[in-house]
Amino acid sequence: MKQMIRYALLALLAFSAPAHAQEEEPKWSLAIHGGAGTITPERITPELRAQYEAALQEALDAGTQVLKDGGSAMDAVKAAIVPLEDNPLFNAGRGAVFTWEGENELDASIMDGSDRSAGAVTGVKSIKNPILLADKVRTESRHVFLSGAGAEEFAGEHGLETAEPEWFATERRRKALERMKAQQTSALEVDHKFGTVGAVALDLKGNLAAGTSTGGMTGKRWGRIGDSPMIGSGNYADNRSCAVSATGSGEYFIRVGVAKEICTRLRYRFRMDIDKAQAEVPKRPDGFPQYIIHAYEIPLSADAAQEETDAVMQEVEELGGSGGVILVTNEGDALFSFTTSGMYRGRATSDGVNEVAIFADE
């Protein structure tokens with residue numbers, strides 16, 4: 001009987017709690033990246049910088065238009081990533097780096113935060129836009145992750161556009177492989193940036209999505225797979241917290257499980273903030289709180305999300321890795337965190353933000 005009275009009282013207090021928040025207008029938000037690494041003004045000419053900024057803006061505009069028109073986060077992510085895959089400036093699709101054997105092998109993954117459905121592919125060589133194949137795996141197969149010849153066969157059965165090897169190959173990437181072999185050096189010394197591309201989005205319905213696409217590491221061997229196609233490492237989306245896409249030294253991002261780790265931290269940071277606020281509510285004479293804190297009264301702040309994300313990136317750095325992430329929270333904050341001197345990036349929101357940047361101090 002006492003327990004029933006307790007539940008009834010808590011329910012009454014919940015209904016009588018002060019309503020600090022009004023119903024907000026739906027928001028949309030988008031963030032993109034084109035790689036992170038040793039990117040400084042000395043390493044890039046004004047002309048090349050302008051090209052990168054224009055390419056980032058094109059991708060940002062494509063995804064933004066989808067969200068402005070009321071489209072889904074998933075469609076916005078694909079709309080933003082496709083032009084990045086088609087642009088030889090980035091290490092994804094056209095312009096991908098070469099393996100040790102002199103081939104372009106492509107990886108991609110995509111995830112829907114509303115139902116946590118996901119699709120990923122690795123080691124494909126003829127698919128023009130791997131992000132579209134990853135999404136087709138998500139929607140048209142019973143599986144999450146396909147590789148190599150099997151992924152190519154699946155793509156053929158579903159009419160995905162293909163391209164000859166010449167479409168993907170660029171002279172700049174070929175010279176990077178030659179330099180690596182001649183100098184017997186590592187990919188990190190040849191490539192001063194990680195050109196992986198990605199996008200994360202929140203749509204007007206409150207759904208999140210994330211996508212990541214890459215050509216991997218220069219001179220990769222033995223079927224090496226990095227974090228980009230791995231759900232939970234280089235890519236993750238969950239409506240309960242955020243959507244994340246990563247770029248960097250993949251082996252370390254895999255070990256930390258970066259994308260999932262960030263989403264989990266944000267999810268529980270939100271719960272911890274509510275519990276902390278509830279503990280500070282004055283008590284009634286009978287020991288019950290005077291009112292119950294509702295989730296809408298304490299949304300996860302951008303500062304809290306940034307703090308948790310930076311902590312995960314610090315963990316990667318402590319292990320010896322480097323790189324960066326983009327994320328969009330379910331509150332609509334579009335954020336970046338990177339441990340390198342630069343990251344090709346951009347963001348746009350329904351609050352009027354629209355910007356692209358390259359260097360750390362921008």
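A residue is called buried under 20% relative accessible area, exposed over 50%, and partly exposed in between. Gly 150 has 39% relative accessibility, so Gly 150 counts as partly exposed. This residue belongs to a predicted model. Gly 150 sits in helix H5. Its C-alpha atom is 9.9 Å from that of Gly 123, and the two glycines are 27 residues apart along the chain.

Now the chain as a whole. It has 362 residues, and 51% of them are buried. Its secondary structure comes to 11 helices and 13 strands. Consider the contacts with a separation of 6 or more: 70% of them join residues 24 or more positions apart.

Return to H5 and its partner, H4. Two packed helices are described by the angle between their axes and the distance between the axes. For H4 and H5 the angle is about 75°, and the axes are 10 Å apart. Angles of 65 to 115 degrees count as roughly perpendicular, so H4 is roughly perpendicular to H5. From H4, the residues Leu 133, Lys 136, Val 137 and Glu 140 take part. From H5, they meet Ala 151, Phe 154 and Ala 155. By class, this contact has 5 nonpolar and 2 charged residues, with no polar ones.

H4 itself covers residues 130-140, and its buried residues are Pro 130, Ile 131, Leu 133, Ala 134, Asp 135, Val 137 and Arg 138. Two names recur here. Leu 133 and Val 137 are buried, and both also meet H5. What covers the buried residues of H4? Helices H3 and H5 (148-157) are part of the cover. Strands contribute too, including S2 (106-112), S3 (117-124), S4 (145-147) and S7 (208-214).

H3 leads to another helix pair. Helix H2 spans residues 46-68 and helix H3 spans residues 73-86. Their axes come within 8 Å and cross at roughly 160°. Angles over 145 degrees count as roughly antiparallel, so H2 is roughly antiparallel to H3. The crossing of H2 past H3 is right-handed. On the H2 side, the contact is made by Ala 55, Glu 58, Ala 59, Ala 62, Gly 63, Val 66 and Leu 67. On the H3 side, Ala 73, Asp 75, Ala 76, Ala 79, Ala 80, Pro 83 and Leu 84 make it. These residues divide into 11 nonpolar, 1 polar and 2 charged.

Further along the chain is a sheet. It is open, has 4 strands in the order S8-S9-S10-S11, and its pairing is antiparallel. Which strands form the edges? They are S8 (235-238) and S11 (334-338), each of which pairs on one side only. From one strand to the next, the twist averages 15°. Strand S10, residues 323-329, pairs with S11 over 5 bridges in the antiparallel sense. Within this part of the sheet, Ile 326 stands opposite Phe 336 in S11.

Two helices accompany the sheet. Helix H10 (residues 258-279) lies across S8, S9 (242-248) and S10. H10 runs at about 145° to S9. Helix H11 (residues 302-319) packs on the sheet and touches S10 and S11. The direction of H11 makes about 25° with that of S11. S10 is thus a shared element: H10 lies across it, and H11 touches it.

Note on methods:
Residues numbered from 1 in each chain as written. Predicted model: local features only at pLDDT ≥ 70, side-chain atom pairs only at ≥ 80, totals over all residues. Heavy atoms only, no water. Axes fitted to C-alpha atoms, helices over the stretch in contact; angles between N-to-C directions. Parallel < 35°, antiparallel > 145°, perpendicular 65-115°, else oblique. Left-handed = near helix turned anticlockwise from the far one by under 90°. Contact = heavy atoms within 4.5 Å. Nonpolar A, V, L, I, M, F, W, Y, C, P; charged D, E, K, R; others polar. Pairing = 2+ DSSP bridges. Buried < 20%, exposed > 50% of the residue type's maximum accessible area, 1.4 Å probe, protein only.
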